[in-house]
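User: I'm new to reading protein models. Could you walk me through this one?

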Amino acid sequence: MSDIPKKLKYCAGGKWLESKTEKYMDCYNPSTGEVIARAPQCTAEEVESAILAAQAAYPAWADTPASKRVQVLYRMKALVDKHLEELTYLLCSEEGKNWRESMGDVLKVNEVVEFACGAPHLMKGESLMNASADYDTVLYRHPIGVFAGIAPWNFPAMIPHGWMAPLCIATGNTMVLKAASFVPQSSMRLMELWQEAGLPDGVLNVITTGREQAEILLKHPAVKGVSFVGSTKVGQHIYATAAAHGKRVQALTEAKNHALVMRDAKLERTARGIINAYCGCAGARCMACPVIVVENCIADELIGYLKKFVAELNLGPAYDPKTGMGPIMNKGHLKFITDWIKTGIEEGAELIVDGRNPKVPGYENGFYLAPSIFDKVTEDMSVGHEEIFGPVLCIKRVNNFEEGLAIMNDSRFANGSVIYTQNGYYAREFAKRTDAGMVGINVGIPVPLGIFGFTGHKQSFFGDLHVMGRDGICFFTESKCVTNTWFPEDMESAGVVDTWDGTISSMPDAEKK
């Protein structure tokens with residue numbers, strides 16, 4: 001590996017170009033703390049050029065039959081499979097997930113690519129012959145134009161090239177994809193694979209840029225829609241700004257998912273599920289479960305299991321297959337998490353497991369943080385209701401199901417929620433009454449497969465149509481209804497054309513004269 005950080009380019013109109021910017025962002029290997037690449041903060045003119053490239057590519061791509069468009073996706077799926085280990089290592093090196101987590105990040109790309117290959121079927125509309133007497137109506141779904149995808153750093157493959165690009169491309173649109181500047185290399189390598197798969201120039205364009213230049217994506221008249229994943233504050237701004245400029249928006253934002261642990265839960269298996277749910281991906285996922293709401297009568301026993309299992313979690317470099325939890329993405333985010341641990345202590349929560357300042361021999365300059373656990377977190381403590389995005393677990397004690405559910409539903413977020421129980425009644429009540437859009441019953445990370453939507457609510461989502469699933473198809477397409485009637489060749493009289501031109505089927509016969 002070269003000691004000189006790689007100077008990255010951006011892709012517009014099928015060409016990899018060196019930015020004219022003077023501003024570059026350092027990209028780190030979080031396992032070692034080394035700078036491994038530098039991402040350009042593309043200029044306003046370069047962002048504009050990517051949009052114009054997408055706009056120029058749109059007419060021909062939209063006019064390409066859906067069955068032909070998806071041939072590119074079939075080839076892309078094969079290329080991701082072929083380069084799976086390479087992509088996994090790259091993602092480990094720039095983001096910090098352990099080997100299996102990184103591989104899953106890449107495989108989630110193919111999960112949605114496979115679903116998007118069904119576009120010829122999924123885009124089929126509806127029709128009714130004789131909707132009214134001698135009138136037929138057909139509803140078509142068709143592409144819209146240029147979309148912007150604004151991706152976060154925590155899933156550099158799955159979100160930009162799974163949640164955003166495949167359905168956009170398969171339905172006949174084009175896209176300008178803003179990769180996260182901290183971790184752009186996985187996204188750029190996947191862009192190269194799209195090109196190898198035969199995607200026409202300009203259909204997908206990848207840039208990295210700062211917030212000021214990214215604002216162009218929200219306001220440019222050629223951009224018809226925006227797909228965003230990131231913080232709630234930024235998501236609200238994107239939703240308001242892009243919508244005010246006439247664009248459709250899906251903005252997936254923060255979460256503080258809770259799990260309710262009932263007294264009848266299988267405690268050892270539940271504890272292992274909780275460890276995975278809050279430590280997996282070092283806690284940096286919006287479907288992590290960083291809060292458990294536990295019935296008092298089993299809280300101490302459950303904590304015993306949690307302490308035991310969390311001590312067994314092996315901290316180490318992301319690309320070592322033996323690593324149980326990898327490092328934090330960069331030094332700034334590591335400080336953000338440790339500042340929250342200080343806040344929790346100051347607010348009066350009991351820090352029963354302190355993961356700060358761990359030792360990882362041979363990797364002393366890496367950005368490591370072991371799991372932490374707070375007990376006796378109450379509703380007046382911000383540590384228990386704001387997103388930390390790290391391996392920090394908050395335990396809230398309750399007396400019964402109703403008290404626990406009320407605490408969970410009081411959150412301003414509603415991405416995921418979980419119940420651990422063997423009781424079918426409580427499981428059903430929970431599924432019915434929880435505010436969260438993705439619910440797990442004895443499943444700590446209830447992320448649905450790509451054939452379903454990612455259905456967050458409250459301040460975890462802004463928009464009307466979610467990513468993936470049927471919602472994803474609808475987000476990237478518009479509907480058009482065509483109504484027609486035909487006249488006999490031997491028609492001699494024009495007859496009478498009423499106000500509704502025949503399109504009211506229930507008009508009384510006496511009124512048709």
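**Strands and a pocket**

Analyst: Happy to! This is a predicted model. A good place to start is strand S13 (residues 258–261), which runs parallel to S14 and is joined to it by four bridges.

User: Which residue of S14 is the bridge partner of alanine 259?

Analyst: Start from S13 and S14, which run parallel and share four bridges. Going across to S14, the bridge partner of alanine 259 is isoleucine 292.

User: Through which helix does the chain cross from S13 to S14, and is the crossover right-handed or left-handed?

Analyst: On leaving S13, the chain passes through helix H10 (residues 267–279) before it reaches S14. This makes a β-α-β crossover, and its hand is right-handed.

User: How many of the residues of strand S14 are buried?

Analyst: Let's take the two ways the residues point. Val291, Val293 and Glu295 point one way from S14, and these are buried. Ile292 and Val294 point the other way and are buried too. Strand S14 (residues 291–295) is mostly covered, and the number of its residues that are buried is five of five.

User: S14 also pairs with strand S17; which residue there is the bridge partner of valine 294?

Analyst: S14 and strand S17 (residues 392–398) pair in the parallel sense, over five bridges. Follow valine 294 across to S17 and you find its bridge partner, arginine 397.

User: Now the open sheet in the order S6-S7-S23: which are the edge strands?

Analyst: Three strands form this open sheet, and the pairing is antiparallel. From one strand to the next, the twist averages 20°. An edge strand here pairs on one side only, and that picks out strand S6 (126–132) and strand S23 (478–484).

User: Which residue in S7 stands opposite serine 132?

Analyst: S6 and strand S7 (residues 135–142) pair in the antiparallel sense, with four bridges between them. Opposite serine 132, in S7, stands tyrosine 135.

User: What is the volume of the largest pocket, and which residues are closest to its centre?

Analyst: The largest pocket has a volume of about 1100 Å³. It is lined by 38 residues, and those closest to its centre are Trp153, Arg211, Gly230, Ser231 and Val234.

User: Which elements give two or more residues to the lining of the largest pocket, and how many lining residues are nonpolar?

Analyst: The elements are helix H8 (211–219), strand S11 (223–229), helix H9 (232–244) and helix H12 (331–347). Sorted by class, the lining has seven charged and 12 polar residues, while the nonpolar residues number 19.

Terms used:
Residues are numbered from 1 along each chain as its sequence is written. This is a predicted model: local features need pLDDT of at least 70, side-chain atom pairs count only at pLDDT 80 or more; totals for chains, interfaces and linings use all residues. Side-chain values use heavy atoms; hydrogens and water are left out. On a 1 Å grid over the protein atoms alone, a cavity is a set of points where a 1.4 Å probe fits but cannot get out, and a pocket is an open set with protein on both sides within 12 Å along at least five of seven lines; lining residues have an atom within 4 Å of a point. Grid points are joined across faces, edges and corners, and a volume is the space filled by probe spheres set on the points. Ala, Val, Leu, Ile, Met, Phe, Trp, Tyr, Cys and Pro count as nonpolar, Asp, Glu, Lys and Arg as charged, and the others, Gly among them, as polar. Buried means under 20% relative accessible area, exposed over 50%, partly exposed in between (1.4 Å probe, protein chains only). Two strands pair if DSSP finds at least two bridges between them. A crossover is right-handed if, with the strands pointing away from the viewer, the path from the first strand over the helix to the second runs clockwise. Axes are lines fitted to C-alpha atoms, for helices over the stretch in contact, and angles run from 0 to 180 degrees between N-to-C directions.
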